[in-house]
Amino acid sequence: MLGDQLSLDLSALRKTDKTQDIIVMAEVMGEASYVPHHPKKIAFTFTAMRKFAERLRADDWQVAYSKLDDPENTGSIMGELIRRAAAYDAAGVVYTEPGEWRLITALRDLPLRTYQLPDDRFIASSLHRFIASHAEFQDWAEGRKQMRMEYFYREMRRKTGLLMEGDKPTGGKWNYDHDNRTPPPDQVTFEGPLRFDPDEAVLGLVTDCFADNFGTLRPFWFATDSDQAQQQLDHWIANGLQRFGDFQDAMLNDNWFLYHSLISFYLNAGLLDPLKVCLQVEAAYHAGDAPLNAVEGFIRQIIGWREYMRGIYFLEGPDYTARNALNHERELPAMFWGGDTKMNCMTQVVAQTRDEAYAHHIQRLMVTGNFALLVGIAPHQVHEWYLAVYADAYEWVEAPNVIGMSQFADDGIIASKPYISSGNYIHKMSDYCGSCTYRVQDKTGKNACPFNLLYWHFLDRHRDRFSGNPRMGNMYRIWDRMDESRRKIVLYEAAVWLDRLNAGEVV
Ligand code: FAD
Ligand code: DLZ
Ligand code: SF4
């Protein structure tokens with residue numbers, strides 16, 4: 001059982017026999033270092049794995065658990081399986097499909113008899129009439145000129161019956177996204193996530209072994225078992241859900257969590273079940289405890305985006321993370337690792353990421369992601385950064401969000417147009433610009449917000465690719481109508497700014 005497979009109803013566990021089978025779990029350097037994971041992510045994984053192993057043992061399972069510093073630890077999942085198979089004279093290995101091609105391939109190549117079972121902890125894969133396997137997602141996807149999440153989502157609503165009245169969506173509309181874009185509130189009434197006590201032994205181990213990794217380990221407050229994760233969900237439904245919809249896209253200097261649920265870590269590790277979560281949130285709506293825009297918005301993220309991303313990851317195959325449709329080659333600048341920058345939005349989001357191993361969706365998409373796309377950073381480097389720094393990052397969900405949604409490196413499989421914006425959007429949705437060295441109102445000049453310059457630079461250099469896109473025609477018309485001398489100044493200033501970035505100046 002892998003570190004993100006901590007579910008009592010995991011398919012591999014269902015197939016095994018307590019009286020004769022051995023559950024193998026292993027903290028290994030290979031998994032802890034394929035990217036330089038944030039220390040909180042490593043501490044979360046190890047603590048949750050240790051607790052899960054204890055829970056299994058209490059339920060009479062036989063667990064062979066390797067700690068990272070066990071002297072016999074071979075350092076890889078494959079090595080540990082071979083070692084344990086020899087020690088127990090095992091006939092073979094039964095496992096649930098991992099969420100990453102790298103491990104799928106490695107496990108397939110094990111010099112042992114192996115049986116891979118599907119991971120049916122996903123709603124789509126447990127709805128046997130809909131998409132029971134990767135092949136069926138492929139069938140669903142084929143024959144569609146364009147795959148779009150919205151159609152998949154509606155299908156998921158119909159199949160699950162979530163927020164449905166007969167065959168009609170509750171409230172008459174499928175999607176309340178337009179009601180979910182209110183600028184930040186003056187006061188946030190949600191106090192943020194529950195904070196749980198850490199396992200000091202694990203924190204000590206992580207401090208000793210991963211001292212150089214980017215990220216702050218303490219205070220460590222994550223839930224690390226399913227009971228605690230459920231407490232966090234209950235706490236958020238009671239106190240945060242009500243205003244989640246309104247302020248889903250808002251960002252603040254002094255409040256990092258706003259009304260977000262902070263349950264992605266727990267869902268992705270297997271500590272919470274996505275369908276049960278959605279049913280509980282739907283029940284809050286029917287009890288009159290939360291408005292429809294919040295409940296629909298939340299359920300869409302889980303049965304829509306989360307499941308869709310998984311479908312795409314497996315549909316697109318192992319080369320997905322190498323895609324680079326826009327030929328972006330710039331090195332990831334030091335500011336992503338906490339290096340100085342004068343852009344307050346970047347400073348805030350990177351600081352929050354460093355301290356919490358968390359940023360919410362719009363911060364990931366419209367600040368760090370938007371910046372990476374506008375300046376043209378190599379998508380593989382962007383992908384590795386996101387995979388490392390967020391505690392909820394596993395490749396099946398991270399890669400479609402980064403390579404597809406955020407960087408358009410898959411040439412539009414996920415997004416119908418690139419998610420780019422000038423400083424205006426960040427200004428509208430946050431209080432970042434008020435305390436920035438740059439001026440968001442300035443379109444050119446020495447204090448001009450870099451997003452304002454880079455936005456046009458991006459559109460101009462990718463004209464061939466995007467000018468025919470019906471959703472972008474308007475932007476090209478605005479650009480073309482601009483005075484030629486003004487266009488020249490914008491492009492010149494953007495190029496100078498990029499040169500300064502290349503030269504390692506603090507920009
Ligand atoms: P909330 O805002 O409370 O949303 C509720 C839940 O909806 C989340 O817990 C999550 O499970 C689900 N969800 C929302 N949006 C998405 C989405 N786009 N894809 C999948 N699930 C979604 N999410 C990850 O779980 N792991 C990642 O590695 C990851 N990387 C991302 C990278 C980029 C560039 C972007 C733009 C988004 C990424 N997301 C990722 C999606 C999203 O940002 C996080 O799921 C969300 O911020 C988690 O915080 P939360 O639990 O407070 O979410
Ligand atoms: C993320 C992670 C880390 C940091 N460490 C381990 C580990 O030591 N052992 C383990 O079984 N899993 C770990 N994981 C989770 C895996 O990387 C994850 O299962 C794969 O990336 C597939 O999603
Ligand atoms: Fe970011 Fe520009 Fe606003 Fe500064 S002015 S915070 S760089 S959007």
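User: What phi does aspartate 89 take just after α4?
Analyst: In this predicted model, aspartate 89 has a positive phi of about 55° right where α4 has ended.

User: And what makes the span of α4 close to the expected one?
Analyst: Take the 12 residues, 77–88: the expected span is 1.5 Å times one less than that number, which comes to 16 Å. The first and last C-alpha of α4 are 16 Å apart, so the helix matches the expectation closely.

User: Which residues of α4 are buried, and what do they pack against?
Analyst: Ile77, Met78, Gly79, Glu80, Leu81, Arg84 and Ala85 are the buried ones. They pack against three strands, β1 (22–26), β2 (62–66) and β3 (93–96), plus helices α2 (29–33) and α5 (101–108).

User: Why is threonine 368 called buried?
Analyst: Buried takes a relative accessible area under 20%. Threonine 368 has 0%, so the label fits. This residue belongs to helix α16 (residues 361–375). Beyond its neighbours within four places in sequence, threonine 368 touches Phe336, Met346, Val349, Val350, Gln363, Trp385 and Tyr386.

User: What makes the shell around ligand 3 nonpolar or charged by class?
Analyst: The count is 11 nonpolar, 1 polar and no charged residues. Gly counts as polar, while Cys and Tyr count as nonpolar, so Gly423 goes down as polar and residues such as Cys345 and Tyr432 as nonpolar. Helices α19 (423–429) and α20 (450–461) each bring at least two residues to that shell.

User: Where does the space taken by ligand 3 rank among the cavities?
Analyst: That space is the second largest cavity.

Key
Residues are numbered from 1 along each chain as its sequence is written. Chains are lettered from A and ligands numbered from 1 in the order in which they are written. This is a predicted model: local features need pLDDT of at least 70, side-chain atom pairs count only at pLDDT 80 or more; totals for chains, interfaces and linings use all residues. Side-chain values use heavy atoms; hydrogens and water are left out. A residue is near a molecule or strand if one of its heavy atoms lies within 4 Å of it. On a 1 Å grid over the protein atoms alone, a cavity is a set of points where a 1.4 Å probe fits but cannot get out, and a pocket is an open set with protein on both sides within 12 Å along at least five of seven lines; lining residues have an atom within 4 Å of a point. A molecule sits in a cavity or pocket if more than half of its atoms lie within 2 Å of its grid points. Helices (H or I, at least four residues) and strands (E, at least two) are DSSP runs, numbered from the N terminus. Buried means under 20% relative accessible area, exposed over 50%, partly exposed in between (1.4 Å probe, protein chains only). Contact means heavy atoms within 4.5 Å.
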